[in-house]
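Here are a few short exercises to work through with the model open beside you. Try each task before reading its solution.

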Amino acid sequence: MEKIAVWGFSWVPPFAQGLVRDLRVRWALEEAGLPYESRWVGIEERNTEAYRRKHPFGMVPVLESSEGTLIESGAIVYAIAEQCDKLMHPGLRIETLTWMFGALNTVEPPLWNLFVLDQLHQGEEWTKLRRAGAVEEVKLRLAALSEWLDDRDYLLGRFTAADILMTTALRFIRHTDLVAEFPLLDAYVKRCEARPAFRAALRDQMTDYVRNAPVAA
Ligand SMILES: N[C@@H](CCC(=O)N[C@@H](CS)C(=O)NCC(=O)O)C(=O)O
């Protein structure tokens, strides 16, 4: 992969900063040591014809390189991992893929659901009825994940692309104390977030939000 550009939103409100899924792609690129440039699309521009030629659903992230255009954060992280043994060790390919799908298909949905209730529909009457059930679903997943981690520092013992997806999924409920209720999980997230590549990715994403912040009237 050469001449890589990653598309993210030029600005999002503070509750979403550090959660937008281009963070995963930046993190994977940082871990792989692949240089990239940032490209920005305004939230209001995402459904324009021009942008939808890049992403049919008008979303981020998009990765462009000399090899073509990729969408879907999981697929993009996978494509990067294919080029980097550190992210997908040859002896752990199927296991890495399994946990990548696990992060995206099994763990992220209930966490994202709670994020949507609490952050995107905050204060709406219906969420009061739904929330307790949503929290139970999250706890079920967190408990199982914590049990799996047991004495592992990372999902597969060593750091892989699956940890990038899992950590960024767990961050969707950073506005709650739910992860902190599971000390192993809490330590896992902190361990992953302490990686220099994560910090560099977050710094890049945040720097651009600061630069693009709306000017107060
Ligand atoms: N499954 C997609 C989801 C992408 C997604 O939901 N992106 C959000 C930002 S994190 C987005 O672009 N939202 C705009 C919208 O829903 O219109 C992926 O993992 O790339």
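A salt bridge here is a side-chain nitrogen of Lys or Arg within 4 Å of a carboxyl oxygen of Asp or Glu. Please keep in mind that this is a predicted model.

**Exercise 1. A pair inside one helix**

Task: find out how far apart the closest N and O atoms of Lys190 and Asp186 are, and decide whether they form a salt bridge.

Solution:
- Step 1. The closest N and O atoms of the two side chains are 2.9 Å apart.
- Step 2. The cut-off is 4 Å, and Lys190 and Asp186 do form a salt bridge.
- Step 3. Both residues belong to helix H7, and because they are four residues apart there, about one helical turn separates them.
- Step 4. Asp186 has 21% relative accessibility, so it counts as partly exposed.

**Exercise 2. A pair far apart in sequence**

Task: work out which parts of the protein are tied together by Arg195 and Glu31.

Solution:
- Step 1. A salt bridge joins these two side chains, with an N to O distance of 2.7 Å.
- Step 2. Arg195 sits in the loop between helix H7 (183-193) and helix H8 (196-212), while Glu31 is in helix H1 (residues 22-32), so their pairing ties together parts 164 residues apart in sequence.
- Step 3. Now check the surroundings: Arg195 and Glu31 are both buried.

**Exercise 3. A loop and a helix**

Task: locate Glu82 and Arg93, then say whether Glu82 is buried, partly exposed or exposed.

Solution:
- Step 1. Glu82 and Arg93 form a salt bridge whose closest N and O atoms lie 2.8 Å apart.
- Step 2. Glu82 is in the loop between helix H3 (73-81) and helix H4 (93-120), and Arg93 is in helix H4, so the pair ties together parts eleven residues apart in sequence.
- Step 3. With 41% relative accessibility, Glu82 counts as partly exposed; Arg93, at 37%, counts as partly exposed too.

**Exercise 4. The whole protein**

Task: describe the overall fold pattern and the count of salt bridges.

Solution:
- Step 1. There are eight helices and four strands, following the order β-α-β-α-β-β-α-α-α-α-α-α along the sequence.
- Step 2. The radius of gyration is 17 Å, close to the 17 Å from the globule rule for 217 residues, so the protein is as compact as a globular protein of that length.
- Step 3. Of the 217 residues, 48% are buried.
- Step 4. The whole structure holds 17 salt bridges, and Arg21, Arg24 and Glu108 are linked in a network of them.

Definitions and conventions
Residues are numbered from 1 along each chain as its sequence is written. This is a predicted model: local features need pLDDT of at least 70, side-chain atom pairs count only at pLDDT 80 or more; totals for chains, interfaces and linings use all residues. Side-chain values use heavy atoms; hydrogens and water are left out. Helices (H or I, at least four residues) and strands (E, at least two) are DSSP runs, numbered from the N terminus. Buried means under 20% relative accessible area, exposed over 50%, partly exposed in between (1.4 Å probe, protein chains only). The radius of gyration is taken over C-alpha atoms; the globule rule is 2.2 Å times the number of residues to the power 0.38.
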